[in-house]
Amino acid sequence: MAKPAVRYVCTHCGATSLKYSGKCFTCNNWGTIEEEPAACDSSPLSPTAGPLPSVECLSETAASVDHERISTGMQELDRVLGGGLMPASAVLLGGEPGIGKSTLMLQLARHTSARRLLYISGEESTSQIRDRARRLSIRSDHVLLVSEVDLNKIIGIIERDKPDIIIIDSIQTLHTGDFRSSAGTVTQIRECCSALLRETKQRNIVLLVIGHITKSGNLAGPKTLEHMVDTVLQFEGESFQRHRIIRTMKNRFGPTNEIGVFRMDEHGLKEVTNPSELFIAGRTSGVPGNAILAAIEGTRALLVEVQALVSKTNFPVAQRICTGIDSKRISILLAVLEKRLGFGTWGQDVFIKVAGGLKLAEPASDLAVASAIASGLNNTALSPGMVCAGEIGLSGEIRAISNGERRIREAAHLGFDTIILPKENTRELKPAIRKLPLKIIGCSSLQKALEEMKLSA
Ligand SMILES: [Zn+2]
């Protein structure tokens with residue numbers, strides 16, 4: 001039987017099929033199927049001729065792998081990269097249009113300690129990039145610019161100019177003539193990225209790739225793109241906010257979930273070195289429904305304000321609207337408050353907001369969210385000097401969380417006088433932590449914690 005000349009690939013999950021369909025039957029997304037040429041015939045594998053690489057002992061390799069990282073010149077960016085750029089690594093930077101991806105890359109170009117940097121733009125002409133650099137008052141002699149979308153030419157330029165770092169702005173604009181499909185399709189993005197990776201790994205070049213994200217917040221193009229690179233960084237939040245948060249989604253050379261915080265102004269992105277002050281700045285104490293969470297993002301402790309507004313609904317079904325937190329978690333916490341503690345959440349609209357545009361993913365934020373809702377329902381403000389953290393179980397118990405002591409230190413550092421934590425986390429505290437000028441309260445249940453906060457149903 002003849003092999004089909006084309007196959008159909010889902011741009012979201014990478015599933016393949018022989019027939020076109022409007023909906024992907026693997027991930028259930030609509031309009032994500034694209035055509036691509038079928039792979040060539042594969043023959044059974046046989047060992048290749050020529051010398052094979054020798055294998056090494058684990059202890060030997062461990063001793064030799066001690067790479068010198070290249071600093072980006074920006075502490076916040078170095079932090080999300082796990083301490084700087086690794087030689088021969090590939091980093092993918094995703095974010096909404098206009099959020100500051102090109103600006104960040106230009107600033108990196110200016111500050112980095114690398115000798116030669118090549119900025120390849122498929123979106124803007126070199127004069128446009130120069131204009132932008134002038135606006136940001138960036139002038140650098142070690143930065144080379146080129147406006148090109150043809151991959152084969154780009155490979156030629158890399159071979160000729162031998163840069164230390166390459167920035168691709170953006171991977172969706174690149175195109176190779178080896179495939180019939182147009183730029184931005186799954187095949188093109190994947191093939192262009194893998195060709196660039198081959199080239200840069202061989203030559204010990206750092207590859208930085210800008211990628212656009214779709215409306216749903218995923219990186220445009222195949223999911224495989226994220227598997228191909230070593231590090232995936234993503235801008236969080238929206239482009240109309242004054243602050244920009246970059247989060248590590250994946251990192252082969254450092255911790256994930258690390259965040260870097262920047263402030264956007266007319267001179268570009270400025271590093272924010274004390275993000276806690278930013279996330280609790282502008283709060284008004286004495287307002288019911290506001291709680292301060294002692295959060296951990298990556299390796300850093302942060303204080304974040306969680307706000308809840310609870311009001312009687314005018315609709316048959318009450319609304320639950322959340323930004324910065326998963327709405328399913330809110331439903332669970334509301335159910336726990338109602339069933340275990342007797343709070344009447346029924347018939348009440350609940351709006352939850354995490355100040356500063358941060359997205360909270362860790363379960364330790366449960367206690368702050370639940371106390372914000374309880375405070376809003378009760379119309380009683382929480383003590384302005386109190387912070388909390390803890391995971392809430394379905395029976396209303398508070399479970400132990402990670403990094404309790406780091407949270408306590410951050411709260412004390414910012415002058416808070418009370419911290420409420422899970423009982424487990426307050427058992428074996430170091431003497432240095434006990435000496436800190438704040439009251440540490442351990443609670444084993446949500447009921448107890450709310451009593452400490454002077455809230456009741
Ligand atoms: Zn799919």
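In this predicted model, the centres of domain 1 and domain 2, taken over C-alpha atoms, are separated by 28 Å. Domain 1 covers residues 6-37, domain 2 covers 69-272, and domain 3 covers 278-452 of the protein chain. Where domain 1 meets domain 2, eight residues of domain 1 are in contact with 10 residues of domain 2. Strand E3 (residues 33-37) gives the most to the side of domain 1 that touches domain 2, namely three residues. Sorted by class, that side of domain 1 holds three nonpolar, three polar and two charged residues.

**The chain as a whole**

The protein chain has 457 residues, and buried residues make up 40% of them. Its secondary structure comes to 13 helices and 21 strands. Along the principal axes, the C-alpha atoms fill a box of roughly 75 × 55 × 50 Å. Among contacts with a separation of 6 or more, 67% are between residues 24 or more positions apart.

**The sheet with E3 and the loop after it**

Strand E3 also belongs to an open sheet of three strands, whose order is E2-E1-E3 and whose pairing is antiparallel. Strand E2 (16-17) and E3 are the edge strands, each pairing on one side only. Strand E1 (residues 6-10) runs antiparallel to E3, and five bridges join the two. Tyr8 stands opposite Glu35 in E3.

Beyond E3, the loop that leads to helix H1 (58-64) contains Ala38. Ala38 and Tyr8 are 30 residues apart along the chain, yet their C-alpha atoms are separated by 8.5 Å. Is Ala38 buried or partly exposed? Ala38 has 13 other C-beta atoms within 10 Å, so Ala38 is partly exposed; a buried residue would need 20 or more.

**The largest nonpolar core**

In soluble globular proteins, nonpolar side chains tend to be buried together. The largest nonpolar core of this model has 118 residues, of which Leu208, Val209, Leu293, Ile373 and Cys388 touch the most other members. Helix H10 (residues 366-378) supplies the largest share of this core, with eight residues. One of the five core residues named above, Leu293, touches Val304, Val306, Ser365, Ala368, Val387, Cys388 and Ala389, leaving aside residues up to four places away in sequence. Ala368, one of the residues that Leu293 touches, is among the buried residues of H10.

**Two covered helices**

H10 has 13 residues and reaches 18 Å from its first C-alpha to its last, close to the 18 Å expected at 1.5 Å a residue. Why is H10 described as largely enclosed by the rest of the structure? The reason is that 12 of its 13 residues are buried. Just after H10, Asn379 takes a positive phi of about 60°.

Helix H3 (residues 101-111) is mostly covered as well, with nine of its 11 residues buried. The table sets out the burial in H10 and H3.

| Helix | Buried residues | Names of the buried residues |
|---|---|---|
| H10 (residues 366-378) | 12 of the 13 residues | Asp366, Leu367, Ala368, Val369, Ala370, Ser371, Ala372, Ile373, Ala374, Ser375, Gly376, Leu377 |
| H3 (residues 101-111) | nine of its 11 residues | Lys101, Ser102, Thr103, Leu104, Met105, Leu106, Gln107, Leu108, Ala109 |

The buried residues of H3 include Lys101, and those of H10 include Asp366.

Technical notes: Residues numbered from 1 in each chain as written. Predicted model: local features only at pLDDT ≥ 70, side-chain atom pairs only at ≥ 80, totals over all residues. Domains from an automatic or database assignment. Contact = placed C-beta atoms within 7 Å. Helix = DSSP H or I, 4+ residues; strand = E, 2+ residues; numbered from the N terminus. Nonpolar A, V, L, I, M, F, W, Y, C, P; charged D, E, K, R; others polar. Core = buried A, V, L, I, M, F, W, Y, C linked by C-beta atoms within 7 Å. Expected span 1.5 Å × (residues − 1). Pairing = 2+ DSSP bridges.
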